[in-house]
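Thanks for coming, everyone. Please bring the structure up on your screens, and I will talk you through it.

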Amino acid sequence: MHIPDAFIPIWQGAIYWIIALVFVALALRWARNEMNEEKLPLVAVLAAGIFALQSFNLPVSMGTSGHLVGGALAAIILGSPFAAVFILSLVLIVQGVLFGDGGITTMGANIINMGVIGGFVGFYSFKGLMGVTKSMPISGFVAAWLACLIPALACAVEMYFAGTFPLTEGLVAMGIYHAIIGVIEGFVTVAAIYLITSVRPDLVDTGVKTPAGAQVP
Amino acid sequence: MIEELFQIERDAFKDSPIHRLDARVKIAIAFAAIIALVAVPYSPMIYTVGAIFFAFFCVLWACTRLSPVIYLKRALAIIPLWGVIIFFQIFLKNKYYTTYDVVMSLPFGINIYAQSIEFAFILFVKFVVCISFIILLSSTTKMQDMLEGGARMGLPAEFALALGMMIRYLFVFGYMFRKINETLKTKCFDAFDRHLSYQYRLRQLGYMIGTMFIRSYEQGERVYTSMLCRGYGRESYLFVAKKGLKGGEWAFLSISLVFIIAIPVAVWLTSFHMF
């Protein structure tokens with residue numbers, strides 16, 4: 001899902017950068033207000049963990065690559081979609097600048113897909129489902145699945161606008177592939193939330209204080 | 001990728017004129033080269049611009065005293081993945097061409113077009129040269145220097161601090177991963193052993209990932225607490241000392257930037273083609 005340099009024309013990359021910067025600015029405001037001395041190590045370890053998760057990268061035919069995203073996990077653990085924007089921005093900077101995974105001119109698009117769309121879809125679908133089902137495993141799984149699938153579809157649309165592959169084939173390829181990857185992402189997200197709420201419930205900010213997710217704000 | 005991190009950092013700790021350059025100079029040159037390459041339209045003009053930029057990269061790489069094998073290994077770790085995606089372009093039509101000539105017809109109505117082959121090659125050239133500059137930047141700049149360089153260039157303090165912590169955690173993750181992997185090996189656990197039940201293997205892997213996460217977090221928390229005791233804090237990066245570039249660095253940066261801007265413009269204006 002990391003769109004590399006050259007796959008999006010420079011002017012489109014600039015538009016995505018401008019949109020992404022608006023959300024990055026809001027994420028920075030979140031960091032200034034929320035990221036205290038206790039939370040900083042968690043933010044950093046989540047970023048490193050998501051970096052590791054995203055290392056499992058596979059090509060998707062007709063379009064781009066597929067991997068776990070981690071936006072939902074970050075947003076749920078830290079209790080804000082802007083946390084996901086912040087953390088995914090960190091991950092994308094390291095991946096783009098150190099490893100060449102993703103690009104510099106396309107980083108705006110990648111932040112929008114994985115950080116903004118992934119974070120917001122993951123966080124609000126989790127909150128909504130928790131209100132209805134009161135079950136962390138179900139809510140976490142569905143939220144993570146959606147937060148994997150929808151950014152992938154957005155990526156396909158961006159590549160279509162860029163003229164680097166057709167829309168229908170891209171949506172089908174990315175959709176099917178990430179619907180499958182999303183299942184793995186769902187399990188990993190639920191497992192991570194379960195583990196953290198079991199061992200260190202103080203670290204979770206969404207209000208889920210037991211592994212079953214009984215206590216919702 | 002975590003294993004690659006250790007190798008990249010080892011390369012960055014070597015010494016050469018390029019290694020000694022201020023991180024800001026290297027970041028500016030790498031980013032400028034990438035932006036210039038991406039700004040070139042999807043046309044055969046990119047062959048000439050790409051060749052000249054790649055020659056520039058080769059000169060810089062030669063100055064790093066790093067083996068070309070290091071570059072090739074790193075490039076080969078990235079290029080095949082996207083090479084597959086670029087390869088698929090030969091079957092696709094796109095908006096950059098109005099007419100398409102079929103070069104070869106395959107079963108199921110799949111065609112290979114001359115224009116699509118050209119487009120795939122254009123993408124490949126752009127992609128490889130962009131990646132080369134990223135490899136050059138990361139192989140010659142320590143992560144800490146890159147971070148400080150970024151902070152001096154205006155990277156927000158919150159990002160700089162969290163990035164610094166994240167990079168530390170990546171190494172902690174790497175060490176934890178090695179340790180836990182060795183422990184599993186001593187227990188003769190193989191995640192791909194089909195004699196074991198799928199549920200059992202999944203549970204073991206889940207424990208492994210979870211343990212790695214919690215141990216890394218707690219290790220990092222201890223380190224961070226001790227850093228706080230020594231006066232380090234979330235405000236620390238707001239006070240990265242100002243450091244001016246030396247005369248030689250200014251000269252190198254200016255000449256490089258002029259070169260990076262002038263080459264595509266000159267090729268475009270003169271319609272000069274090497275290929």
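How many Å separate the centres of domain 1 of chain B and domain 2 of chain B, taken over C-alpha atoms? The answer is 32 Å. Keep in mind that this is a predicted model.

Let me stay with those two domains. Domain 1 of chain B covers 2–152 + 244–270, and domain 2 covers 157–239. Seven residues from domain 1 of chain B and nine residues from domain 2 make up the contact. On the domain 1 side, two elements give two or more residues each: helix H1 (2–12) and helix H7 (143–152) of chain B. H7(B) has the largest share there, with four residues. What is that side made of, by class? Six residues are nonpolar, one is polar and none is charged.

Next, the place where the chains meet. Here 48 residues of chain A are in contact with 49 residues of chain B. Look at the side that chain A offers. Helix H1 (10–34), helix H2 (39–53), helix H4 (81–99) and helix H7 (167–199) of chain A each give two or more residues to it. Which of them gives the largest share? That is H2(A), with eleven residues. By class, this side of chain A has 31 nonpolar, 13 polar and four charged residues.

Now take H4(A) by itself. Of its 19 residues, 19 are buried, so to speak of it as mostly covered is fair. Its length can be checked too. At 1.5 Å a residue, H4(A) should span 27 Å, and its end C-alpha atoms are 26 Å apart, which agrees. Just after this helix, A:Gly100 takes a positive phi of about 70°.

Move along chain A to H6(A). Is this helix enclosed or open? It is largely enclosed by the rest of the structure, because 21 of its 27 residues are buried. Try the length check again. The 27 residues should span 39 Å at 1.5 Å a residue. The end C-alpha atoms of H6(A) are 38 Å apart, so the two values agree. A glycine follows here as well: A:Gly163, just after H6(A), has a positive phi of about 80°.

Now for some backbone angles outside glycine. Most residues other than glycine have a negative phi. A:Lys134 is not a glycine, yet its phi is positive, about 60°. Where is A:Lys134? Find the loop between helix H5 (107–133) and helix H6 (136–162) of chain A. A:Lys134 counts as partly exposed, because it has 14 C-beta neighbours inside 10 Å.

Chain B has a case to show too. B:Cys188 has a positive phi of about 60°, although it is not a glycine. It is found in the loop between helix H8 (157–186) and helix H9 (198–229) of chain B. B:Cys188 is exposed, with 7 other C-beta atoms within 10 Å.

Last stop: the hairpin in chain B. Strand S1 (residues 102–106) is hardly covered, and the count of buried residues among its five is zero. Four bridges join S1(B) to strand S2 (residues 110–113), and the two run antiparallel. B:Leu106 stands opposite B:Ile110 in S2(B). Three residues lie between the strands of this hairpin, and B:Phe108 takes a positive phi near 65°.

That is the tour. Over to you.

Definitions and conventions. Residues numbered from 1 in each chain as written. Chains lettered and ligands numbered in written order. Predicted model: local features only at pLDDT ≥ 70, side-chain atom pairs only at ≥ 80, totals over all residues. Buried ≥ 20, exposed ≤ 12 C-beta atoms within 10 Å, placed from the backbone. Contact = placed C-beta atoms within 7 Å. Nonpolar A, V, L, I, M, F, W, Y, C, P; charged D, E, K, R; others polar. Domains from an automatic or database assignment. Pairing = 2+ DSSP bridges. Expected span 1.5 Å × (residues − 1).
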